[in-house]
Amino acid sequence: MSVTPHLLKTTATRLSCSPALTSKSRRLSSSAFAPRTRLRLWPSSNSVSPLTARVLSTLNVAMGDAPDAGMDAVQRRLMFEDECILVDENDSVVGHDTKYNCHSWEKIESGNMLHRAFSVFLFNSKYELLLQQRSGTKVTFPLVGTNTCCSHPLYRESELIEENALGVRNAAQRKLLDELGIPAEDVPVDQFIPLGRMLYKAPSDGKWGEHELDYLLFIVRDVNVNPNPDEAADVKYVNRDELKELLRKADAGEGGLKLSPWFRLVVDNFLFKWWDNVEKGTLKEAADMKTIHKLT
């Protein structure tokens, strides 16, 4: 899948507080998702591009026989090379396993496979939240709308550091570059604020799913955005009212809009309260990293 030149041009724009650049930022959050480019904004099934339809068809057919046979090459490499951190329900490390095994619904149901994850919520200086639509080549939850970035710290020294969730914050910085092309200097590790942890389980399509102990990371920064089409089909900034309209459409099933289960759990339990803290500059006061919210 590829991002349209218009989207690449728009999303590469530097978001800034200055008057001239603020107008460019506004174009990212509006014209980038005008009807003429709306096919990537969580489309209905009858508006999916032919390429996306072929990709999804291939995935669905192949998964019926061998779950890895029809995978996109990039996703296959990540599924077998990346090793997630296995934890118990108290978030203590108990081992590691491939991303493939950690997301196999059969293994999740039979062997627990609870692994550490993170969800980034990035706000710009206008306190708008950056959302993404997951790529159609994703193995789990393809073409689903979600928060800025969702992934896993890997079983490596820099991402296993427990103190102040530094390992998770290192992983978040890495994945924002991988998925959205956001340079590390735009999202310094010390600017991520871990607000809480939640434990949840959610099936994707019967063969794949999630069982995660998820760190919820907030950050307020104006950033360069250049989405990687292997990871994100589209991006969009939203304010509170625009997010509420997306939630309404998802609940009503309008336009085939779907939101990821972890994003919806955060929205329903925490997001709008924490959004107040974003605007007041009091995020650190809202943090509770002692509690693990079990939302399964």
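Among contacts (heavy atoms within 4.5 Å) between residues at least 6 apart in sequence, 71% join residues at least 24 apart. The structure is a predicted model, in which local features need pLDDT of at least 70 and side-chain atom pairs count only at pLDDT 80 or more, while totals for chains, interfaces and linings use all residues. Residues are numbered from 1 along each chain as its sequence is written, and side-chain values use heavy atoms, with hydrogens and water left out.

The protein holds 10 helices and 10 strands, taken as DSSP runs (H or I, at least four residues, for helices; E, at least two, for strands) numbered from the N terminus. Of its 296 residues, 52% are buried, meaning under 20% relative accessible area with a 1.4 Å probe, protein chains only.

A helpful local example is Ala250, which sits in helix α8 (residues 240–252). Ala250 counts as buried because its relative accessible area is 19%. Leaving aside residues up to four places away in sequence, Ala250 touches Leu257 and Leu259. The C-alpha atoms of Ala250 and Gly145 lie 9.8 Å from each other, although 105 residues separate the two along the chain.

Attention turns next to the lining of one pocket. Nonpolar residues (Ala, Val, Leu, Ile, Met, Phe, Trp, Tyr, Cys and Pro) number 8 in the lining of the second largest pocket, alongside 6 charged (Asp, Glu, Lys and Arg) and 1 polar (the others, Gly among them). Both α7 (166–180) and β7 (193–203) supply at least two residues of this lining, and β7 gives the most, with 3 residues.

Definitions and conventions
Buried < 20%, exposed > 50% of the residue type's maximum accessible area, 1.4 Å probe, protein only.
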